[in-house]
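Subject: Structure for your review

Dear colleague,

I am passing on the structure below and would be grateful if you could look through it alongside my notes. Please read the notes with the model open in front of you.

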Amino acid sequence: FAAGRTFTGVAGQSFILDASWAGADGYLALQSPNGVIVSANDDFGDSTKSRIEYQLQQTGTFTAWLTTFATGTKPAFDLTLACPEQAQPNLSVTLLGGPPGELKTGDTFQVEFDVNNIGAGNAGASTLRYLLSTNATITGSDLQLGQSPVSSLSASANVTRNASLEISAPGDYWFGACVDVVEGEALAGNNCSTGQRVTVRSASN
């Protein structure tokens with residue numbers, strides 16, 4: 001006797017599979033999306049129940065296989081899947097130093113930003129993008145002036161990034177930066193800094 005139950009998961013997720021059988025000693029196995037048995041359990045503790053605690057190494061559809069050592073019988077079984085709450089990263093961006101209030105086209109200026117992981121989980125590598133907006137709200141769709149790589153950050157860690165930039169078109173703008181969302185991020189709404197007002201005049205004036 002064998003029964004399979006499928007579920008989908010994402011690489012990095014952790015979970016607990018518990019299985020029990022009515023009046024029988026069972027066996028539980030976990031099969032990966034490519035058909036490999038990656039974990040199995042016979043008796044958990046002093047019981048005839050089975051448990052698998054596992055962190056997924058790939059994304060896809062997994063199969064939990066349940067079987068018993070008894071022949072010719074199909075005992076009822078109970079299978080539960082629990083996903084413990086996982087610590088998540090949460091990146092934010094703080095403007096430390098931006099352009100002066102007025103510039104001429106072609107002028108270079110120095111900027112400095114802090115990228116902070118204010119979440120409880122580790123954040124993967126990302127990219128900080130320096131942006132120019134026509135309104136006070138900085139978003140990832142604004143005009144990009146440059147970018148800097150951001151290394152992976154552990155919980156509560158931060159890194160400072162600097163750049164030398166220039167603005168080629170005259171106008172009234174707001175300057176800021178956004179960091180790309182990383183996998184598993186708890187909140188993406190704070191990945192951009194506040195905007196700093198800057199007026200750019202033509203160098204020919």
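What follows is a description of what was found, taken by region.

Please keep in mind throughout that this is a predicted model, and that residues are numbered from 1 along the chain.

I begin with the nonpolar cores. The largest nonpolar core has 24 residues, and those with the most contacts inside it are L128, Y130 and F175. The elements that give two or more residues to this core are all strands, namely β8 (91–97), β10 (108–117), β11 (126–133), β13 (158–166), β14 (171–179) and β15 (196–201). There is also a second core, separate from this one, which has 14 residues and includes A24, I52, Y54 and L56.

Strand β11 deserves a longer look, since several of the findings concern it. Leaving out residues up to four places away in sequence, L128 touches V93, F113 and V115, then G146, Q147, S148 and V150, and also R161, A177, C178 and V179. T127 is likewise found in strand β11, and it counts as buried because its relative accessibility is 17%, the cut-off for buried being under 20%. With the same exclusion of residues up to four places away, T127 touches Q147, S148, V150, C178, V179 and D180. L131, another residue of strand β11, counts as buried because its relative accessibility is 1%. Beyond its neighbours within four places in sequence, L131 is in contact with I138, T139, G140, D142, L143 and Q144, and also with W174, F175, G176, A177 and C178. As a long-range reference, the C-alpha atoms of L131 and T6 are separated by 44 Å, the two residues being 125 apart along the chain.

I turn next to the strand pairings. Strand β1 (residues 2–9) and strand β6 (residues 60–68) run antiparallel and are joined by eight bridges, with A2 standing opposite T67 in β6. Strand β3 (residues 26–31) is also antiparallel to β6, to which six bridges join it, and here the bridge partner of L30 in β6 is A64. Strand β2 (residues 14–21) pairs with β5 in the antiparallel sense over six bridges, and I16 stands opposite E53 in β5. Strand β5 itself, which spans residues 50–55, has a covered face made up of S50, I52 and Y54, while R51, E53 and Q55 form the uncovered one. Two residues of that covered face, I52 and Y54, are included in the second core mentioned above.

Three loop residues are also worth setting out. D25 lies in the loop between β2 and β3, where it counts as partly exposed because its relative accessibility is 28%. Apart from neighbours within four places in sequence, D25 is in contact with D42, D43, T48, T68 and F69, and its C-alpha lies 40 Å from that of E183, a residue 158 places away in sequence. P84 has its place in the loop between β7 (77–82) and β8, and with a relative accessibility of 41% P84 counts as partly exposed. Leaving aside neighbours within four places in sequence, P84 is in contact with S14, F15 and I16, whereas P84 and D114, which are 30 residues apart in sequence, are 31 Å apart from C-alpha to C-alpha.

The third of these loop residues, S156, sits between β12 (143–150) and β13, and at 64% relative accessibility S156 counts as exposed. The phi of S156 is near 70°, which is a positive value in a residue other than glycine. Most residues other than glycine have a negative phi, and for that reason you may wish to look at the backbone there.

Finally, there is the largest pocket, whose volume is about 370 Å³. Of the 15 residues that line this pocket, the closest to its centre are G12, Q13, Q86, A87 and G184. By class, the lining has five nonpolar, nine polar and one charged residues.

With best wishes

Notes: Predicted model: local features only at pLDDT ≥ 70, side-chain atom pairs only at ≥ 80, totals over all residues. Heavy atoms only, no water. Core = buried A, V, L, I, M, F, W, Y, C linked by side-chain atoms within 4.5 Å. Buried < 20%, exposed > 50% of the residue type's maximum accessible area, 1.4 Å probe, protein only. Helix = DSSP H or I, 4+ residues; strand = E, 2+ residues; numbered from the N terminus. Contact = heavy atoms within 4.5 Å. 1 Å grid on protein atoms, 1.4 Å probe; cavity = no way out; pocket = protein on both sides within 12 Å on 5 of 7 lines; lining within 4 Å. Points joined across faces, edges and corners; volume = space filled by probe spheres on them. Nonpolar A, V, L, I, M, F, W, Y, C, P; charged D, E, K, R; others polar. Pairing = 2+ DSSP bridges.
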